[in-house]
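This report describes one structure for a reader who has not met it before. It starts with the parts of one chain, then turns to the pairing of the chains, and ends with single residues.

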Number of protein chains: 2
Amino acid sequence: MNNFDFYSPTYFVFGRDRENEAGRYVKKFGGSRVMVVYGGQSAKKSGLLDRVKDSITAEGLSAIELGGVKPNPRSGLVYEGIELARKEKVDFLLAIGGGSVIDTAKTIAMGVPYDGDFWDFFSGKTPETALPVGVVLTIAASGSEGSPNAIVTNEKTLEKTAAEADCIRPKFSIMDPVLTESLPPFQTACGITDIISHAFERYFTPTKDVETTDRMLEGIVLAMMHEGRRVMKDPHDYEARANIMWAGMVVHNDVMGVGRKQDWNSHHLEHVLSAVFDCAHGAGLSVIMPAWMSYCVEHSDALRFAQMATRIFGCQMDFDDPKRTAREGVEAFKNFLRELNMPLTFAEVGADPASIPRLVEMNNIGDGVTGGYVGLDRAAHFEIYETAAGLR
Amino acid sequence: MNNFDFYSPTYFVFGRDRENEAGRYVKKFGGSRVMVVYGGQSAKKSGLLDRVKDSITAEGLSAIELGGVKPNPRSGLVYEGIELARKEKVDFLLAIGGGSVIDTAKTIAMGVPYDGDFWDFFSGKTPETALPVGVVLTIAASGSEGSPNAIVTNEKTLEKTAAEADCIRPKFSIMDPVLTESLPPFQTACGITDIISHAFERYFTPTKDVETTDRMLEGIVLAMMHEGRRVMKDPHDYEARANIMWAGMVVHNDVMGVGRKQDWNSHHLEHVLSAVFDCAHGAGLSVIMPAWMSYCVEHSDALRFAQMATRIFGCQMDFDDPKRTAREGVEAFKNFLRELNMPLTFAEVGADPASIPRLVEMNNIGDGVTGGYVGLDRAAHFEIYETAAGLR
């Protein structure tokens with residue numbers, strides 16, 4: 001196990017109706033002039049936005065709105081938000097939404113006190129300070145409610161990259177599973193896929209002897225398979241929604257990712273896909289992950305995949321041929337994604353196989369390799385995209 | 001799943017040699033006049049105490065010592081520590097040790113700014129403030145390095161009770177697995193037993209639909225069985241020590257305990273045992289837990305124990321007779337405790353069966369019941385102690 005630091009100071013407020021306490025927590029964490037960031041019309045129509053704003057004014061605080069965040073959030077709205085926040089002397093960002101909304105709020109929070117272009121923080125610079133951010137979570141997927149990360153797409157270059165800093169960890173995150181019940185089945189399944197991917201990006205590691213976190217990660221995937229099936233049957237199953245929501249946070253605040261080299265190749269390969277074709281992140285992952293797994297099985301001893309196959313998917317270990325077991329595990333994972341009605345091919349997310357050279361180019365690999373479990377060079381990137389496109 | 005709050009703001013610093021950074025973290029979290037609390041001679045002899053003190057003075061801070069904390073820590077030293085801390089104007093407590101040392105430091109931290117008797121905080125009162133506490137962990141067991149709890153024994157009454165408050169959560173905890181390598185096998189096994197008990201006290205719950213945390217808890221126990229066997233073979237197995245150390249924190253900071261009613265009957269039943277007979281806490285748990293499990297199997301539908309038996313201990317589910325499977329699980333757990341050379345009977349921890357009426361009396365049950373999974377009345381307490389004493 002490698003040396004590490006772990007720090008997760010967010011205050012989590014979990015359960016039914018707890019969004020009505022938003023104002024109280026904004027006040028507790030020092031906010032007085034709040035910018036409420038949200039996405040489309042659903043937060044308005046459902047009355048959620050009004051309820052949260054009422055809880056803010058009930059504490060004697062003021063609130064302005066910034067709506068219109070879209071999935072795969074774009075840099076344009078961030079610039080707009082920074083300007084508005086400065087003008088209105090905002091001192092607290094409250095995100096009502098999922099990862100795109102939270103990441104937009106986090107990025108505005110970094111940008112407001114910074115003299116330069118906020119994109120610097122997505123190009124390697126670490127922010128020294130940020131306005132405090134709070135969250136009312138409405139989508140279980142990104143884990144951004146408990147993470148120090150934000151992901152934004154640069155509108156000019158279509159670069160989709162991440163910033164990371166402890167100062168953008170949310171001060172509090174309110175997690176009411178009821179708020180996720182109105183999500184359509186496809187978005188729900190995308191969220192479950194994203195949560196599982198956050199487990200697997202950590203699970204597939206070259207680091208030895210990380211049994212404690214291995215077992216926790218396997219537990220998360222097992223629980224997501226069980227609860228995922230439940231929620232696909234009944235979108236109003238509160239208990240399934242609750243288990244998925246807590247898993248989404250805990251798998252990504254890194255308590256299970258510490259002390260090991262992580263992989264993240266599936267995310268790298270997916271980010272350019274969704275940046276170019278604007279598909280849902282979870283859908284893109286569902287296309288990329290199995291193709292990436294198949295590549296890794298053939299280019300490693302595959303024992304980690306055999307571990308996945310036996311411990312998670314209940315496959316029998318073939319001690320004469322561990323790769324056979326590993327391949328069975330990958331097939332079992334694909335079958336589960338199919339159960340969720342998730343796409344597995346380029347065609348299903350509207351991606352054009354002819355774009356592969358461009359996708360590889362955007363990954364900026366050069367002569368190096370990416371990832372942690374199996375290092376991927378340019379040729380490997382081609383092979384994985386081609387597999388996902390059905391060209392192999 | 002029940003509504004809950006979760007908050008774990010401790011900064012964890014994990015890995016080889018990281019205790020040399022203690023001074024830096026004391027400074028980061030605002031300390032200048034530090035009281036270093038420790039136990040016996042080993043911290044002195046090993047040079048650990050000097051190294052940590054050097055790291056403090058290297059930052060331009062000052063340090064005084066309070067040594068002599070014993071297992072099952074007593075109130076007397078706390079009073080002494082509070083007086084000394086006030087006299088020396090201490091503004092930071094740094095614990096070097098395991099649960100007993102950390103809990104003594106936490107209690108001094110609560111007591112210094114408080115006008116009354118610190119025992120108030122062990123009798124239901126919540127402290128409003130406390131001095132900041134840091135930890136250099138040398139025993140993986142109690143989880144106190146990441147918890148809001150302190151457990152102290154009142155020397156006059158032999159009451160061993162707990163205080164709980166967010167303000168005594170450590171600001172930072174340094175966790176170097178190497179520091180645990182000098183622990184004798186018995187203490188190591190006691191720690192593993194305590195860690196497993198912290199999983200089971202949460203696992204056995206009447207709350208339904210807590211699959212995500214169930215799976216994580218099962219993962220911790222599975223990992224502790226694997227790593228426990230390794231470390232009993234080779235006390236210098238760094239990787240096993242590291243896995244056990246991280247598990248000890250994460251299983252007790254409550255990230256896996258949220259949203260469910262917890263049990264804690266084994267701890268209640270054990271605390272009076274170790275208070276009276278001064279046995280190691282982990283040894284007491286090893287005696288009590290299987291007796292408590294056997295009682296619960298016979299006084300419930302036993303399905304949670306069948307779940308434990310199948311998922312953790314690999315037993316086959318007997319769908320005609322789930323209690324048979326549950327009983328097999330309890331036996332498998334006892335066999336694992338035996339592998340660790342842990343005691344299973346009153347006699348092995350020097351406890352007198354004739355003391356049972358006194359132990360039950362000390363539990364202050366009255367006409368009520370204790371616990372969460374199966375409520376235990378006075379008669380049940382007698383039965384469990386009698387089972388542990390071999391009288392049944």
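What distance separates the centres of domain 1 of chain A and domain 2 of chain A, taken over C-alpha atoms? In this predicted model, the two centres are 27 Å apart. Domain 1 of chain A covers residues 11–180, and domain 2 of chain A covers residues 185–388. Where the domains touch, 19 residues come from domain 1 of chain A and 25 residues from domain 2 of chain A. On the side of domain 1 of chain A that touches domain 2 of chain A, 10 residues are nonpolar, seven are polar and two are charged.

The next topic is the pairing of the chains. A turn of 180° with a shift of 0.0 Å along the axis lays chain A on chain B, with an RMSD of 0.0 Å. The two copies are thus related as by a two-fold rotation axis. Within chain A, Pro9(A) has the C-alpha nearest the axis, at 1.9 Å from it.

The contact between the chains takes 36 residues from chain A and 36 residues from chain B. Strand 1 (4–14), helix 7 (211–233) and helix 8 (238–250) of chain A each supply at least two residues of the side of chain A that touches chain B. Helix 7 of chain A gives the largest share of that side, 11 residues. By class, the side of chain A that touches chain B holds 19 nonpolar, eight polar and nine charged residues. Because 100% of the interface residues of chain A are also interface residues in chain B, the copies meet through the same surface.

Two helices of chain A can be described by their length and burial. In helix 7 of chain A, 18 of the 23 residues are buried, so the helix is mostly covered. At 1.5 Å a residue, helix 7 of chain A should span 33 Å, and its end C-alpha atoms are 33 Å apart, which agrees. For the 13 residues of helix 4 (residues 75–87) of chain A, the expected span is 18 Å and the end C-alpha atoms are 19 Å apart, which also agrees.

Which residues of helix 4 of chain A are buried? They are Ser75(A), Leu77(A), Val78(A), Gly81(A), Ile82(A) and Ala85(A). These residues cover an arc of only 150° around the axis, which puts them on the same side of helix 4 of chain A. An α-helix has 3.6 residues a turn, so residues three or four places apart point the same way. The buried residues of helix 4 of chain A pack against strand 2 (33–38), strand 3 (62–66), helix 5 (99–111) and strand 6 (149–153) of chain A.

Phe118(A) lies in the loop between helix 5 and strand 5 (133–137) of chain A. Leaving out residues up to four places away in sequence, Phe118(A) touches Val78(A), Ile82(A), Thr107(A), Met110(A) and Gly111(A). Phe118(A) and Val78(A) are 40 residues apart along the chain, and their C-alpha atoms are separated by 8.7 Å.

Two other loop residues have a positive phi. Lys89(A), just after helix 4 of chain A, has a phi of about 50°, and Leu158(A) has one of about 60° although it is not a glycine. Most residues other than glycine have a negative phi. Lys89(A) lies in the loop between helix 4 and strand 4 (92–97) of chain A, and Leu158(A) in the loop between strand 6 and strand 7 (160–164) of chain A.

The table gives the burial of the three loop residues.

| Residue | Other C-beta atoms within 10 Å | Class |
|---|---|---|
| Phe118(A) | 23 | buried |
| Leu158(A) | 15 | partly exposed |
| Lys89(A) | 10 | exposed |

Conventions: Residues are numbered from 1 along each chain as its sequence is written. Chains are lettered from A and ligands numbered from 1 in the order in which they are written. This is a predicted model: local features need pLDDT of at least 70, side-chain atom pairs count only at pLDDT 80 or more; totals for chains, interfaces and linings use all residues. Helices (H or I, at least four residues) and strands (E, at least two) are DSSP runs, numbered from the N terminus. The expected span of a helix is 1.5 Å times one less than its number of residues. A residue is buried if 20 or more other C-beta atoms lie within 10 Å of its own, exposed if 12 or fewer, and partly exposed in between; C-beta atoms are placed from the backbone. The arc is that of the directions from the helix axis to the C-beta atoms. Two residues are in contact if their C-beta atoms, placed from the backbone, lie within 7 Å. Domain bounds come from an automatic or database domain assignment. Ala, Val, Leu, Ile, Met, Phe, Trp, Tyr, Cys and Pro count as nonpolar, Asp, Glu, Lys and Arg as charged, and the others, Gly among them, as polar. Copies are superposed by least squares on the C-alpha atoms of residues with pLDDT of at least 70 in both.
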